[in-house]
Amino acid sequence: MKNATYRIKLSGLRFHSYHGVFPQEQKIGNEFMVSVSVSIPFNPDILNDNLEATISYADIYDIVADEMQRARKLLETVAATISLRIKEKWPHIIDGHISICKSTPPIAGITGSSEVEIFF
């Protein structure tokens with residue numbers, strides 16, 4: 001298992017947040033769905049059920065929830081800040097992915113969602 005990696009994922013996290021350029025978005029808010037995944041190298045201590053050998057998805061969730069509470073104009077800013085905080089806390093991460101989906105963007109004619117992704 002020398003070259004093995006783990007991928008830790010959180011999918012479909014839901015938040016009511018105030019991200020957006022338009023004043024209406026900053027006042028009323030919108031529903032967002034966030035998914036995060038990170039890859040870490042295999043650590044033999046995982047075979048001993050050692051939490052220190054992995055990354056707690058609860059800790060990742062805390063970072064995401066904290067950033068989703070901070071109103072920003074750009075989802076790109078939110079995604080980048082989450083990725084920087086995750087990478088700073090766990091520098092051994094090999095790579096990661098974050099997607100943030102705004103369920104109903106306030107743009108005439110759009111009936112679907114809008115989404116931003118960052119790969120790090």
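The side chain of S39 makes a polar contact with the side chain of R7, at 2.7 Å, and this pair offers a convenient way into what is a predicted model. S39 lies in strand β2, whereas R7 falls within the span of β1, which runs over residues 5–17. With a relative accessibility of 6%, S39 counts as buried, because the limit for that class is under 20%. Once its neighbours within four places in sequence are set aside, S39 is in contact with Y6 and R7, and also with I93, I94 and D95.

A second polar pair can be followed from strand β3, where H97 has its place. The side chain of H97 makes a polar contact with the side chain of E117, here at 2.9 Å. H97 also counts as buried, because its relative accessibility of 17% is under the 20% limit. Leaving out residues up to four places away in sequence, H97 touches S35, V36 and S37 on the one hand, and E117, I118, F119 and F120 on the other.

From these two residues the view can be widened to the chain as a whole. Its secondary structure comes to 3 helices and 4 strands, and from the N terminus on these elements run β-α-β-α-α-β-β. Among contacts between residues at least 6 apart in sequence, 60% join residues at least 24 apart. The C-alpha atoms fill a box of roughly 55 × 25 × 20 Å, taken along the principal axes.

In soluble globular proteins, nonpolar side chains tend to be buried together. In this chain, buried residues make up 36% of the 120 residues, and the largest nonpolar core has 25 residues, with V34, I60, V64, I86 and I100 having the most contacts inside it. At least two residues of this core come from each of β1 (5–17), β2 (30–41), α2 (57–68), α3 (75–89) and β3 (95–102). The surroundings of I100 can be traced residue by residue: not counting residues up to four places away in sequence, I100 touches F32, M33 and V34, then M68, L75, V78, A79 and I82, and finally S114, E115 and V116.

There remains the outer face of the model. The accessible surface of the protein chain comes to about 7,400 Å², and 54% of this area belongs to carbon and sulfur atoms. The chain carries 12 positive and 14 negative charges, and the mean positions of these two sets are 5 Å apart.

Notes:
Residues numbered from 1 in each chain as written. Predicted model: local features only at pLDDT ≥ 70, side-chain atom pairs only at ≥ 80, totals over all residues. Heavy atoms only, no water. Core = buried A, V, L, I, M, F, W, Y, C linked by side-chain atoms within 4.5 Å. Buried < 20%, exposed > 50% of the residue type's maximum accessible area, 1.4 Å probe, protein only. Contact = heavy atoms within 4.5 Å. Polar contact = N/O pair within 3.5 Å; in protein donor to acceptor, adjacent residues only side chain to side chain. Areas by Shrake-Rupley, 256 points an atom, 1.4 Å probe, with all protein chains shown as cover. Lys, Arg positive; Asp, Glu negative; His and termini not counted. Charge placed at Lys NZ, Arg CZ, Asp CG, Glu CD.
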